[in-house]
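User: Hey, I've got a new structure open and I'm a bit lost. Can you walk me through it?

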Amino acid sequence: MKAVRPDISRRAFLGAGALAAPAILKSAPRKRNVLFIASDDLCTRIGCYGAPVVKTPNIDRMARSGVRFDRGYCQYPLCSPSRTSLMTGFAPDTTRIWANNVHFRTTIPDAVTLPQAFHKNGYFTARAGKIYHYNNPSEIGTPGLDDAASWMEAANPAGYDRTHDEAEVTFLAPRTPAPAAAASLATAAPGTLAWTRGGRGPSGVRIAQDGHTPILPLSQNGDLGIALAEHASGAPEQSITD
């Protein structure tokens, strides 16, 4: 983005400001509220970037009233390293977070996160849902890999997709362990692999990444991952976690 410089000299600006200063200083500036929305696994095939098919009127309206970046790239092609980098201001090679199951407090324990910086400057900080990493959908309703030091209050909502739909969707897990199954898939002829209903899925033990919070008892079909996005829920939109 190229900044547009107003056609006004610094001296003229300071002179005008000096005349108005007494009136401005009578009241302290009111702090703005800050709403931060994190979303990942997205691309620029949306309306405000000129995509002719995808209709995104709400995002387009937000783009018209804000700043749209044409050269904005994530720090790392995984959720936790990228979110950690964004929230701490450190690159992944500094945080040493290159996987989704490692908390940055184990590698940079004294880091001051973005919400901590707001809190240190007089703000109340709160979170709802996924800001730091957690598995989706299997850890919806849990703190996942959250950073408690970042927030004064946190909520972990679980909508109808988590409390109902996930138990209704069938997940097919291979009988062989995940690494072996991946190798088999690369070489096996179609229709020759043995599959079974259920299983614990790629994430294994059903405990949230904070190490002690039990996963809600709805993952009986395994870790559905993004497959649940293909399920047409019968619930109203307002009751879905997102």
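Analyst: Sure, here is a chat through the model, one topic at a time.

User: What kind of model is this, and how are residues numbered?

Analyst: It's a predicted model, where local features need pLDDT of at least 70, side-chain atom pairs count only at pLDDT 80 or more, and totals for chains, interfaces and linings use all residues. Residues are numbered from 1 along each chain as its sequence is written, and side-chain values use heavy atoms, with hydrogens and water left out.

User: What's the average pLDDT of the protein chain?

Analyst: The average is 73, and 63% of the residues score at least 70. pLDDT is the predictor's confidence in each residue, from 0 to 100.

User: Which elements have the lowest and the highest mean pLDDT?

Analyst: Strand β4 (residues 195-197) has the lowest, at 32, and α5 the highest, at 97. Residues 1-24 have a pLDDT below 50, and that stretch has 4 contacts in the model beyond near neighbours in sequence. Residues 172-178 are also below 50, with 14 such contacts. Contact here means heavy atoms within 4.5 Å. As for the element names, helices (H or I, at least four residues) and strands (E, at least two) are DSSP runs, numbered from the N terminus.

User: OK, new topic. Which residues make up the largest nonpolar core?

Analyst: There are 8 of them: Met87, Ile97, Phe104, Ile108, Ala111, Ile131, Tyr132 and Trp151. A nonpolar core is a set of buried Ala, Val, Leu, Ile, Met, Phe, Trp, Tyr and Cys residues joined through side-chain atoms within 4.5 Å. Buried means under 20% relative accessible area, exposed over 50%, and partly exposed in between (1.4 Å probe, protein chains only). In soluble globular proteins, nonpolar side chains tend to be buried together.

User: And what is Met87 in contact with?

Analyst: Leaving out neighbours within four places in sequence, Met87 is in contact with Phe36, Val112, Thr113, Leu114, Pro115, Ile131, Tyr132 and Trp151. Met87 is also one of the buried residues of helix α3.

User: Why is α3 called largely enclosed?

Analyst: Because 9 of the 10 residues of α3 (residues 79-88) are buried. What covers those buried residues includes α4 and α5. Just after the helix, Gly89 takes a positive phi of about 85°.

User: Where does Arg96 sit, and what's its phi?

Analyst: Arg96 lies in the loop between α4 and α5. Its phi is near 60°, a positive value in a residue other than glycine. Arg96 counts as partly exposed, because its relative accessibility is 43%.

User: What about Ile108, buried or exposed?

Analyst: Ile108 is buried, with a relative accessible area of 13%. Ile108 is placed in the loop between α4 and α5. The C-alpha atoms of Ile108 and Arg96 are separated by 8.4 Å, and the two residues are 12 apart along the chain. Not counting neighbours within four places in sequence, Ile108 is in contact with Thr88, Phe90, Thr94 and Thr95.

User: And Thr107, what does it touch?

Analyst: Beyond residues up to four places away in sequence, Thr107 touches Thr95, Arg96 and Ile97. A polar atom of the Thr107 side chain lies 2.5 Å from the backbone oxygen of Thr95. Thr107 is buried too, at 18% relative accessible area.

User: Switching again: which side chain does Asp146 have a polar contact with?

Analyst: That of Arg127, at 3.2 Å. A polar contact is a pair of N or O atoms within 3.5 Å; within protein, one must be able to donate a hydrogen and the other to accept it, and residues adjacent in sequence count only if both atoms are side-chain atoms. Asp146 lies in the loop between β1 (126-128) and β2 (153-155), and it counts as buried at 16% relative accessibility.

User: Last one: how many aromatic pairs are there?

Analyst: The structure holds 3. One is Phe118 with Tyr123, edge-to-face, at 5.0 Å centre to centre and 90° between the planes. Rings of Phe, Tyr and Trp (its six-membered ring) pair if their centres lie within 6.5 Å; planes under 30 degrees apart count as stacked, over 60 as edge-to-face and the rest as tilted. Phe104, Tyr132 and Trp151 form one aromatic cluster, and those three residues are among the members of the largest nonpolar core.
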